[in-house]
Amino acid sequence: MPSFQSLPGFREFYPEAFARRHHIFRLWRKAAYAYGFQEYDAPVLEPLDLYRAKSGEEVEAQLFSFTDKGDREVALRPEMTPTVCRMVGARAGSLKRPIKWFSIAEFYRYERAQRGRERAFFQFNADVFGESGPEAEIELIALLVQCLAGFGLTAEDFSIRLSDRDLWFFYLEALGFTEIQARSLLSAIDKFEKIGDDAFEGYTTQHGELAPALKAKILEFLQVKSLVQMEAALAPFGSDKLAKRLNDWRQVLDGLAAMGLAPFVEVDLGVVRGLAYYTGFVFEAFDRKGDLRALAGGGRYNDLVKKLGGPDLPAVGFAIGDVTTGLLLEQRGLMPALVKFADVYAVIGGKAERTAAFADIRALRAAGWRVDYAFKDLAFGKQFKAANESGARIALIYGGDELARGVVKVRDLTARQEHDVPREQIVAAVRDFLAHG
RNA sequence: GCGGUCAUAGCUCAGUUGGUUAGAGCACCAGAUUGUGGAUCUGGGGGUCGCGGGUUCGAGUCCCGUUGGCCGCCCCA
């Protein structure tokens, strides 16, 4: 039996929903331009290997993948990062540094849809390539704040939790763990906030019992919530690597504070991000009041461009989704309500008047105004009601009396006042009214 | 992938122990209303009761299956 329902997790955007989506995209785009990022786009369908190369089978299970008619294994893109790494890698030699790019695109993941997560969704992606220092992190975290604050959200609504996989590796190394052990511990740290001690089960089965003293050290470091606490926790080790890393932290936090963004940023070493390709600072945006999942996430991935066949190029990036952002804006009453689709509404008396009105309507539209009118001859009362609902601020009245005198009656729908304007001046009159009102 | 729960008009819902041609409000369309605004009144269109099967003289209602929504788990690039 064929089904004509849309596929699960895929969304249809009726005009009202599309208007909400457009509102979100418009603000993201505005923010990115303000921060000097350039927009790009890329294919929706990619070779499956692009995602295998990056992250392995775990990810493959959640791909929309299939074999095409040319026997190629392909996948709908689940994210932008590998694609943009390939694009930048291919032209890295000729691109002016730093490379600051962004995109707004639809992605696809074959997983169970639920609140805040669909199978098809849009993400804003911003990345900085070619800068290995913390300057790139400052720029991106500031942009991420703007991508939420631009809607009217404040530091009481959301926060950016900043963490650092490098710092964890250096710290665990200083405690005497091998790199493999450290990776396993990071995945435990990722889960600890949610499930507590059980998070360490994976480590114990692989590497044996974790010494209580070492575990205490790890949990203690996990509690670090400020730079001061971090410095205190690391002081006993006296390692060069750790000291240098602390300088990077100072630079990031000072830079963000200088931009006035300190209230948005929290140190939270519990954030380590699931995927293994992150190499340094990682950050996530969270709703402070609600129980929403993460709003956005990102971090540094210095090895990925090279891993995908490009040059050795440092990179940082983040992504923010339209679904959770939209839910949050609706909860906070920050989503604008209605689509107003007209500036001017033409009220037309009858058949002869329609001929005259059409000429002016075309001229006004050519001048860029949004003009609407009724298709059928309707009572004036109905037409004024429609004019009101259209969002138009003025109505142009084409009646027999007016046309006989060579004028159009211009009605201010807000003030409920009207006056005559000679027909040949109608475009100028509309422009004057709407430009000054 | 696993578990819970739900499915009647575009939306929100009613529908009696199984019983005539399945209803209401909102929304939409038309008329009252041929020159001035969110009103009122009257009328209208719109349903394979998610889909398939079963029980029964008879199923929106009971049973089985299936699809989809929502919630939780897993995962979260």
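Start by selecting strands E7 and E8: 3 bridges join them, and the two run parallel. The model on your screen is predicted. Now pick out Ile160 in E7; its bridge partner in E8 is Val265.

**Strand E7 and its other partner**

Keep E7 selected, residues 158-164. Add strand E9, residues 281-287. Here 7 bridges join E7 to E9, and the pair runs antiparallel. Zoom in on Arg161, which stands opposite Glu284 in E9.

Is E7 enclosed or open? 7 of the 7 residues of E7 are buried, so the strand is largely enclosed by the rest of the structure. Show the side chains next. Phe158, Ile160, Leu162 and Asp164 lie on one side, and all are buried. Ser159, Arg161 and Ser163 lie on the other side, also buried. Both faces of E7 are therefore covered.

**Asp268, in a loop**

Move to Asp268. You will find it in the loop between strand E8 (265-267) and strand E9 (281-287). Asp268 has a relative accessible area of 8%; because the cut-off for buried is under 20%, Asp268 counts as buried. Which backbone atom does its side chain reach? The side chain of Asp268 reaches the backbone nitrogen of Gly270, at 2.9 Å. Now look further along the chain. Setting aside neighbours within four places in sequence, Asp268 is in contact with Arg161, Leu162, Ser163 and Lys225. Arg161, Leu162 and Ser163 take you back to E7.

**A pair of helices**

Select helix H6 (residues 165-174) and helix H11 (residues 240-258). They pack at an angle of about 155 degrees, with axes 10 Å apart. Angles over 145 degrees count as roughly antiparallel, so that is how H6 and H11 lie to each other. Their crossing is left-handed.

Show the side chains where they meet. From H6, choose Asp166, Leu167, Phe170, Tyr171, Glu173 and Ala174. From H11, choose Lys241, Leu242, Arg245 and Trp249.

**An open sheet of 5 strands**

Next, select E12 to E16. The 5 strands form an open sheet in the order E13-E12-E14-E15-E16, with mixed pairing. Which strands stand at the edges? Strand E13 (371-373) and strand E16 (417-422) do. Each has a single partner strand, so one side of each is left without a neighbour in the sheet. The twist averages 30 degrees from one strand to the next.

Step across the sheet from E13. Strand E12 (residues 344-348) is joined to E13 by 3 bridges, and the two run parallel. Val344 stands opposite Val371 in E13.

Two helices come next. Helix H15 (residues 380-389) packs on the sheet and touches E12, strand E14 (394-398) and strand E15 (407-412). The direction of H15 makes about 175 degrees with that of E12. Helix H17 (residues 426-436) packs on the sheet too, touching E12, E14, E15 and E16. The direction of H17 makes about 160 degrees with that of E14.

**Last stop: strand E14**

Colour E14 on its own. 5 of the 5 residues of E14 are buried, so the strand is largely enclosed by the rest of the structure. Ile394, Leu396 and Tyr398 point one way, while Ala395 and Ile397 point the other way.

Now check both of these pairings. E12 and E14 run parallel, joined by 5 bridges; Ala346 has Leu396 as its bridge partner in E14. E14 and E15 run antiparallel, joined by 4 bridges. End on Ala395, which stands opposite Arg411 in E15.

Conventions
Residues are numbered from 1 along each chain as its sequence is written. Chains are lettered from A and ligands numbered from 1 in the order in which they are written. This is a predicted model: local features need pLDDT of at least 70, side-chain atom pairs count only at pLDDT 80 or more; totals for chains, interfaces and linings use all residues. Side-chain values use heavy atoms; hydrogens and water are left out. Buried means under 20% relative accessible area, exposed over 50%, partly exposed in between (1.4 Å probe, protein chains only). A polar contact is a pair of N or O atoms within 3.5 Å; within protein, one must be able to donate a hydrogen and the other to accept it, and residues adjacent in sequence count only if both atoms are side-chain atoms. Contact means heavy atoms within 4.5 Å. Two strands pair if DSSP finds at least two bridges between them. Axes are lines fitted to C-alpha atoms, for helices over the stretch in contact, and angles run from 0 to 180 degrees between N-to-C directions. Angles under 35 degrees count as roughly parallel, over 145 as roughly antiparallel, 65 to 115 as roughly perpendicular and the rest as oblique. A crossing is left-handed if the near helix is turned anticlockwise from the far one by less than a right angle, and right-handed if clockwise.
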